[in-house]
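Me: Please take a close look at the salt bridges of this protein, and then follow them to the empty spaces inside the model. I should like to see how each statement rests on the computed values.

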Amino acid sequence: MRSECIEIKGASIHNLKGIDVSIPRNKLTVITGVSGSGKSSLAFDTLYEEGKRRYLLFSGAQYMTDVTSKFDSITGLSPTVAVEQRIIRQSNPRSTVGTRSKVGNLLALLFASHGKRDPEHDDNLPLSMEFFQRNSAKGMCVKCLGSGRYHEINEDAIIQKDMLIKHIFDGFLMKHRHHKSNFKKFCELYQIDVNTAIGTLSEEILFLFKYGCRKSGFVGAVVVFHDMQKHWTSKNIRNNLADKEIILWGINAAPITCPKCKGLGLGEQAIHTTIAGRTISQFEHMYLNELLVFFQNKKDQLPGKNMIDDIITKLQCMVDVGLHHLSLSRQLPTLSGGEVQRLFLASIIIAEMDSITFIFDEPTIGLHQSEKEMLITIIKNLVERGNTVIVVEHDEKFMHAADYIIDIGPDAGIHGGERIFQGTLEQFLTCNKSRTASYLSGEQAMNTKQYFKPLTDAKLLTIANANLHNLRNVTVSIPLGLMVGIAGVSGSGKSSLINATLVPKLKTLLKGKLIHENEEDMPQVDDGTVVTGTEHIKKCIVVDQKPIGRSKSSCPATYTGIADRVRALFAKTPEAIDNGYTSGMFSVNSEGGCRTCKGEGFTQFHVGHGNWLDVECEMCSGTGYVEEALSVTLGGKNIIDIMAMSVAEGVKFFGNEGSDGYDKIAADILMMLERVGLGYMTLGQKTPTISGGEAQRIKLAKELCRHKGFGNVYILDEPTTGLSFSDRERLIDLMQQLVDSGNTVIVTEHDPTVLGHCDYIIEMGPGGGSGGGYVIAQGTPQQLTETEQSMIGKYLEQVNV
């Protein structure tokens, strides 16, 4: 007989304390609890991982391994599909909404089959869909290789006659032994003195110097620089040269639009082929809701009816899940975790699957309050089709819509991991042990702001004539010295106004006083926008949700600098000194890393269908360290023990004055991480497992430790993502303390609770995409509740503004 529930017995992974949980099948279950309580450990690391293991076991995968289960038993589990917002952040800039949804493929096929060619560019070559895809050798522009941009090289700037020959190979090139060795052979072959100027070379030797010499194997200065251009997107290369060096050597520091394809990234055939008078690029740059309406209106007039019907179905699903404001050309790395999940959800709806267990991780991230209801309806429809849906969520609307609720807690880290409650919402509201139930029942309410800073004496930061993306010649003033909220539905223009217009302009105007990790990815704004009032700003600190660090081995300890201090403490211990160990012995990226797994702790095997299996390294037993590194202890703990500490535990360990592990700076950094709601996180948690919201709070803590004082502007993007009610309050208090100290906080948010604590709100809208781009309301929270045009106003009333 088929089981009515998924029964989990003895779940004990991470901080879970051998809990038993029952999840009803064919229902919507919400798993809630404070941040770090163990919700994801139950949903993803237990349920999903077991579902994946069983699939691989019976799918004929070529590689399997014995893995020790972190539970006693799981019964009633159907095939499992999960989308976890902390690991779906895409890094390939060539991946787009179009490629992920397959609508791009359908469009390419439609153009190949029914496109109208420009007679002047028709070479009678038979067209296939590859000619309309940037990632295809047939379809990409030959100059920019499909990217639409490239770094221009000025050969005259590289080969300056008065420049010493040896200076050509300073910096990046001298670090490449192959080029360095062949260049020396070239100089020896032609008896060239590298301390002389380039202008002293004969015309024949200069030609070889520029374009290569076969005898020596030296490829030539210009060829090497062209090779740099091809690999310019690598941040490792960029980090080795400052902007002034880049310009000196004739390479534009910022990429320019490709002159051949005009930034489209496509070849001649695609650029000059149309359907209904539009090229494939024009279709790809339309907002999804506009593209949907276009095909709905034109489907009876266009050829390829079956393909168009398929395109309409996929577009309708993406619009229904709240992605109307995106375009097919939108790159996946620029999407939020919630947007990528909803893109995945759209593909699930299209497939019309049943009898599946779906697991989602806060799919409401990035959605306006008015848009959440549609998403909840769509997910409940999955249940009506015969599926089981499990959602890890903090959202109040989602919990009220759930058939069943599981609460994990009571607190975070080692103080969590218990099953506090399982049952219906009505039963949950009376649960006294839950940190969440009291907020849902109304017994406990979020703190309301009592005092709002007046605008009378505020200095203004003004953005004038902003036209980027869908902005409609927006002019707006941001009062400084206050907490300012930027509100609006998805795609209304919030990010275009702040992240894509204001921030790049501040980078130019503040001249080095803008702190932003991803400056090299920052777009250039040349649309006539004017920003004034920067004389009132000391520094601007931009904190976004992009992953911390530059490698998958990065973690909170390495990113904040704590790891360097810990290694130094280990290197000073008597054991380390006696054995001649340096701080490098306590790094997996240096001499302390396991030689077999390169410090990863596991070896990864591809087992087909996009699935990877991580197998614990036998040499280091999964630690990533060599035995010598683990033999040294600090305060009775080795390096693995310390990296496994939670932030809260680390505060006590490093803050214990007089102990071997005492380090005031490390303790202060950890205290700040605790203040932003990350006390549960371990020091060594790897970047791929850290969500966008968590990454932003780590960055915020780091910057708050570095930049103190007043007169600074902090720009935050939905910082409360993934936080429970109580943790949200702590973060709001921290932002308020920044403002009380004389700073400005500009926060883009959907959460009415956060917006209700802002002194001033600027609301964009009224809709998303082409339906947005205007400032529809601005003023205090109270004023917005009284403004008819405001969409957030009625939700502000509900939080007692």
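Reply: Lys305 forms a salt bridge with Asp309, and their closest N and O atoms lie 2.9 Å apart. The model is a predicted one, and the distances given here are computed from its atoms. Both residues belong to helix H13, which covers residues 305-320, and they stand 4 residues apart, about one turn of the helix. Lys305 counts as partly exposed, at 47% relative accessibility. Asp309 is also partly exposed, because its relative accessible area is 23% and the class of buried residues is kept for values under 20%.

This pair belongs to a wider set, for the structure holds 18 salt bridges. Another of them joins Lys52 to Glu49, with 3.6 Å between the closest N and O atoms. The two residues are 3 apart in helix H1 (residues 39-58), so they are separated by about one helical turn. With a relative accessible area of 16%, Lys52 falls under the 20% limit and is therefore buried. Glu49, in contrast, is partly exposed, at 33%. Salt bridges can also be linked to one another: Glu50, Arg53 and Arg54 are joined in a network of them.

A further salt bridge leads to the empty spaces. Arg706 pairs with Glu703, and their closest N and O atoms are 3.4 Å apart. These residues lie 3 apart in helix H27, so about one helical turn separates them. Arg706 is partly exposed, at 49% relative accessibility; this value does not reach the class of exposed residues, because that class begins over 50%. Glu703 is buried, with a relative accessible area of 6%.

Glu703 also has a place in the wall of a cavity. Rolling a probe the size of a water molecule over the atoms shows where empty space is left. In this model, 3 cavities of 30 Å³ or more are counted, and the largest cavity holds about 50 Å³ of space. Its lining consists of Ile515, His516, Glu517, Val542, Val543, Asp544, Tyr559, Lys699 and Glu703. Strand S19 (539-543) and helix H27 (692-706) are the elements that give two or more residues to this lining. By class, the lining of the largest cavity comprises 4 nonpolar, 1 polar and 4 charged residues. Glu703 thus appears twice in this account: as the salt-bridge partner of Arg706, and as a lining residue of the largest cavity.

An open space may be set beside this enclosed one. The second largest pocket has a volume of about 970 Å³. Its lining has 44 residues, and those nearest the centre of the pocket are Arg728, Asp751, Pro752, Thr753 and Val799. Several helices supply at least two residues each to this lining, including H15 (369-384), H28 (725-740) and H31 (793-798). Helix H29 provides the largest share, 3 residues. The lining of the second largest pocket divides into 14 nonpolar, 19 polar and 11 charged residues.

How values were computed
Residues numbered from 1 in each chain as written. Predicted model: local features only at pLDDT ≥ 70, side-chain atom pairs only at ≥ 80, totals over all residues. Heavy atoms only, no water. 1 Å grid on protein atoms, 1.4 Å probe; cavity = no way out; pocket = protein on both sides within 12 Å on 5 of 7 lines; lining within 4 Å. Points joined across faces, edges and corners; volume = space filled by probe spheres on them. Nonpolar A, V, L, I, M, F, W, Y, C, P; charged D, E, K, R; others polar. Salt bridge = Lys/Arg side-chain N within 4 Å of Asp/Glu carboxyl O. Buried < 20%, exposed > 50% of the residue type's maximum accessible area, 1.4 Å probe, protein only.
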